[in-house]
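The following paragraphs are intended to be read alongside the sequence and the coordinates. They consider helix packing and aromatic pairs.

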Amino acid sequence: MTASEELFERACRVIPGGVSNPAATCYEKACTPIYMESAFGSRIRSADGQEFVDYIMSFGSLLFGHAHPQIVAAITGAIGLGVSFGAPCRQEVELAEQLCRVVPSLDMVRMLSSGTEAAASAVRLARACTGRDKLIKFHGGYHGFSDMFMVACSCGGPSNRSVPGSRGVPQATAGNTLLGQYNDLASVETILKRNNEDVAAIIVEPVATSMGVVPPASGFLEGLRKLCDDNGTVLIFDETVTAFRLGLTGGQGCYGVRPDLIIIGKILSGGLPFGAYGGRADLMRELGPQGKLYQGGSTAGNPVVMAAGLAVLKMAEQADYEALEKLTSRLVTGLEEIFAAKDCPVRINQVGSMFTIFFSAQDVCDLAAVQKVDLLRYAEFCRKMRAAGFNFPLTGQSVCMTSFGHRLEDIDRTLEAAAAIEL
Ligand code: PMP
């Protein structure tokens with residue numbers, strides 16, 4: 001029995017399904033996860049003593065690689081001065097000031113401890129400000145595990161209507177979540193027409209990542225902006241995955257569309273528990289204690305997390321995002337050539353340092369195409385690459401991430417391994 005197998009067996013006795021996060025194992029049937037013990041840069045080492053080049057990077061949190069010395073120094077320096085104060089701290093103010101300086105749509109920002117909290121809070125704010133209850137999200141979109149988002153999300157099984165995608169979600173809550181099709185503006189227009197003046201917010205990832213990487217079709221984000229303006233609806237960009245990964249100004253900067261509210265996540269904290277939301281000051285002023293909307297958190301604005309955030313932001317301001325995109329393109333192009341030589345139909349969608357390998361003979365521009373990809377072939381690719389020392393996401397609808405910790409040598413070794421496996 002390997003160390004991972006032994007740990008998983010123990011875990012299954014005391015942790016439901018053996019994992020704290022279902023995404024750490026295969027969704028469909030629990031498979032033994034690899035337990036990790038240490039990591040540095042692009043490399044991660046398992047409890048079984050195997051080293052991998054990592055393309056999961058803590059679900060995209062680690063833009064600068066594992067255990068970056070500058071981030072580690074910021075964290076350890078802050079911890080020595082107190083882990084949590086139960087009071088506001090200087091770093092929280094500095095981070096908020098810097099975020100509002102760097103991100104165009106941010107007038108004001110609130111810190112929290114997860115993307116789940118931030119997304120739920122942003123929708124509550126939109127509801128408070130509009131006095132409306134309904135929400136539009138997209139099929140296949142994930143915005144954390146709050147009740148209102150557990151409808152047709154990537155983890156909750158497929159559904160075509162506003163029905164709960166998880167047990168325990170009240171129908172009354174799910175019924176307020178209306179479903180658009182990503183990259184299909186007409187689907188959103190129809191919903192807005194049918195629910196005249198009842199839709200508080202549209203929440204969308206500027207680049208879809210919850211179903212694998214699917215970039216926005218030309219005019220899609222601009223169209224959402226206009227529909228929101230015409231209908232008095234709040235446009236929320238969930239940039240949990242894209243903020244700071246797609247450059248300093250995230251998806252909104254890449255595509256030149258300004259949302260009313262955005263959600264920022266774990267990248268900013270270098271992988272520590274974190275989420276934030278912010279945007280237009282007239283909306284954000286509704287929050288208590290100034291306004292009448294309650295949202296709080298004992299660990300919100302935590303000094304250690306804020307110190308990590310300041311370190312990450314400083315590094316992001318100096319980072320060469322173009323070089324990282326180029327490195328990622330080398331891997332993507334190399335993989336495309338390798339799969340072509342194996343007669344294996346593939347489409348690899350890449351945006352910046354994120355990509356998804358879709359085993360598909362047709363372009364993947366929407367959820368319908370994502371649902372047709374060959375997941376079994378991906379699973380085989382993933383299993384064989386893992387055996388060779390390369391840690392790819394477990395499902396074929398997830399995002400592979402590179403980081404500033406990845407080197408040319410990692411990419412070239414990955415390509416050599418991919419060329420050597422049989423598919
Ligand atoms: N939004 C998106 C787009 C996500 O991918 C995730 C999860 N990574 C979340 C929200 C929830 O974030 P968290 O896991 O920090 O609660």
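In this predicted model, helix H3 (residues 69-79) packs with helix H11 (residues 303-318) at an angle of about 155°, and their axes lie 8 Å apart. Angles over 145 degrees count as roughly antiparallel, and H3 and H11 are therefore roughly antiparallel to each other. Their crossing is right-handed. On the H3 side, the contact is made by Gln70, Ile71, Ala74, Ile75, Ala78 and Ile79. H11 contributes Pro303, Val304, Ala307, Ala308, Ala311, Val312 and Met315. Sorted by class, the residues of the contact of H3 with H11 comprise twelve nonpolar and one polar, with no charged residues.

A second helix pair is formed by helix H7 (residues 185-194) and helix H8 (residues 220-231), which pack at an angle of about 10° with axes 10 Å apart. Since angles under 35 degrees count as roughly parallel, H7 and H8 are roughly parallel to each other. The crossing of H7 and H8 is right-handed. In this contact, Leu185, Val188, Glu189 and Leu192 of H7 meet Phe220, Gly223, Leu224, Leu227 and Asn231 of H8. The residues of the contact of H7 with H8 fall into six nonpolar, two polar and one charged.

Attention now turns to the aromatic rings. How many aromatic pairs does a search of the whole structure find? The search of the whole structure yields twelve aromatic pairs. In one of them, the ring centres of tyrosine 321 and phenylalanine 404 are 5.6 Å apart and the ring planes stand at 75°. Planes over 60 degrees apart count as edge-to-face, so the pair of tyrosine 321 and phenylalanine 404 is edge-to-face. This pair links distant parts of the chain, its members being 83 residues apart. Tyrosine 321 belongs to helix H12 (residues 321-341), whereas phenylalanine 404 lies in the loop between strand S14 (400-401) and helix H15 (408-420).

Are the two residues of this pair buried or exposed? The cut-off for buried is under 20% relative accessible area. Tyrosine 321 has 17% relative accessibility and therefore counts as buried. Phenylalanine 404, at 19% relative accessibility, also counts as buried.

Which residues do ring pairs link into a cluster? The cluster consists of Tyr55, Phe339, Phe359, Tyr378, Phe381 and Phe392, joined through ring pairs.

Methods:
Residues are numbered from 1 along each chain as its sequence is written. This is a predicted model: local features need pLDDT of at least 70, side-chain atom pairs count only at pLDDT 80 or more; totals for chains, interfaces and linings use all residues. Side-chain values use heavy atoms; hydrogens and water are left out. Axes are lines fitted to C-alpha atoms, for helices over the stretch in contact, and angles run from 0 to 180 degrees between N-to-C directions. Helices (H or I, at least four residues) and strands (E, at least two) are DSSP runs, numbered from the N terminus. Angles under 35 degrees count as roughly parallel, over 145 as roughly antiparallel, 65 to 115 as roughly perpendicular and the rest as oblique. A crossing is left-handed if the near helix is turned anticlockwise from the far one by less than a right angle, and right-handed if clockwise. Contact means heavy atoms within 4.5 Å. Ala, Val, Leu, Ile, Met, Phe, Trp, Tyr, Cys and Pro count as nonpolar, Asp, Glu, Lys and Arg as charged, and the others, Gly among them, as polar. Rings of Phe, Tyr and Trp (its six-membered ring) pair if their centres lie within 6.5 Å; planes under 30 degrees apart count as stacked, over 60 as edge-to-face and the rest as tilted. Buried means under 20% relative accessible area, exposed over 50%, partly exposed in between (1.4 Å probe, protein chains only).
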